[in-house]
Amino acid sequence: MKDIDDLKRLQEQIRNLIAMKKRVEKLSGKSYADMSQRQAQKNGADLTWLGMDIDKAIREAHAAAVDCGIADPRDDYGPVDYHPSAFHHYRHTPTKPRCRQ
């Protein structure tokens, strides 16, 4: 039963990654010339935050893939610091695969 749960977890992470990558393509395809300064800043901020979310999702998908047995474990699963803006700082501790716990 654990194998099925691991595969479902991996499937959900991949589904989320696909949705986020599609959103990046959509936001990246917009022309800043057609936007006001505020809209351009918002678009840039959205892309920055989305990049942080994508990196976190990739790390979670990797851990799920290791648990499924289709990826090799990494050496380090330590915390990752993100600075999506000058005012924000986030520390994310990725999920460790069961073989590293």
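## A quick tour of a two-helix, two-strand chain

Let's start on the outside: the accessible surface of the chain adds up to about 7100 Å², and carbon and sulfur atoms account for 52% of it. Keep in mind as you look around that this is a predicted model.

**Overall shape**

What is the radius of gyration of the chain, and what would a compact globule of 101 residues have? The chain comes in at 17 Å, while a compact globule with that many residues would be near 13 Å. You can also look at the C-alpha trace, which spans about 50 × 25 × 20 Å along its principal axes. As for what is tucked away, 28% of the 101 residues count as buried.

Now for the charges. The chain carries 18 positive and 15 negative ones, and the mean positions of the two groups sit 4 Å apart.

**The building blocks**

In terms of secondary structure, you'll find two helices and two strands. Reading from the N terminus, their order is α-α-β-β. If you take the contacts between residues at least 6 apart in sequence, 52% of them link residues at least 24 apart.

Here are the two helices side by side:

| Helix | Residues | Number of residues | Expected span | Span between end C-alpha atoms |
|---|---|---|---|---|
| H1 | 2–28 | 27 residues | 39 Å | 39 Å |
| H2 | 37–68 | 32 residues | 46 Å | 46 Å |

For H2, the reasoning goes like this: each residue adds 1.5 Å, so the helix should span 46 Å, and the distance between its end C-alpha atoms agrees with that. H1 also comes close to its expected length at 1.5 Å a residue. Right after H2 comes glycine 69, which has a positive phi, near 90°.

**Where the helices meet**

Which residues of H1 are buried? They are Asp6, Leu10, Gln13, Leu17, Met20 and Leu27. These buried residues of H1 pack against H2.

**Zooming in on asparagine 43**

On the H2 side, have a look at asparagine 43, which has its place in that helix. Is asparagine 43 buried or exposed? Its relative accessible area is just 3%, so asparagine 43 is buried, given that the cut-off for buried is under 20%. Setting aside the neighbours within four places in sequence, asparagine 43 is in contact with Leu27, Lys30, Tyr32 and Met35. One of these, Leu27, is also among the buried residues of H1.

Conventions:
Residues are numbered from 1 along each chain as its sequence is written. This is a predicted model: local features need pLDDT of at least 70, side-chain atom pairs count only at pLDDT 80 or more; totals for chains, interfaces and linings use all residues. Side-chain values use heavy atoms; hydrogens and water are left out. Helices (H or I, at least four residues) and strands (E, at least two) are DSSP runs, numbered from the N terminus. Buried means under 20% relative accessible area, exposed over 50%, partly exposed in between (1.4 Å probe, protein chains only). Contact means heavy atoms within 4.5 Å. The radius of gyration is taken over C-alpha atoms; the globule rule is 2.2 Å times the number of residues to the power 0.38. Accessible areas come from the Shrake-Rupley method with a 1.4 Å probe; for residues, only the protein chains shown count as cover. Lys and Arg count as positive and Asp and Glu as negative; His and the chain ends are not counted. The place of a charge is taken as NZ of Lys, CZ of Arg, CG of Asp or CD of Glu. The expected span of a helix is 1.5 Å times one less than its number of residues.
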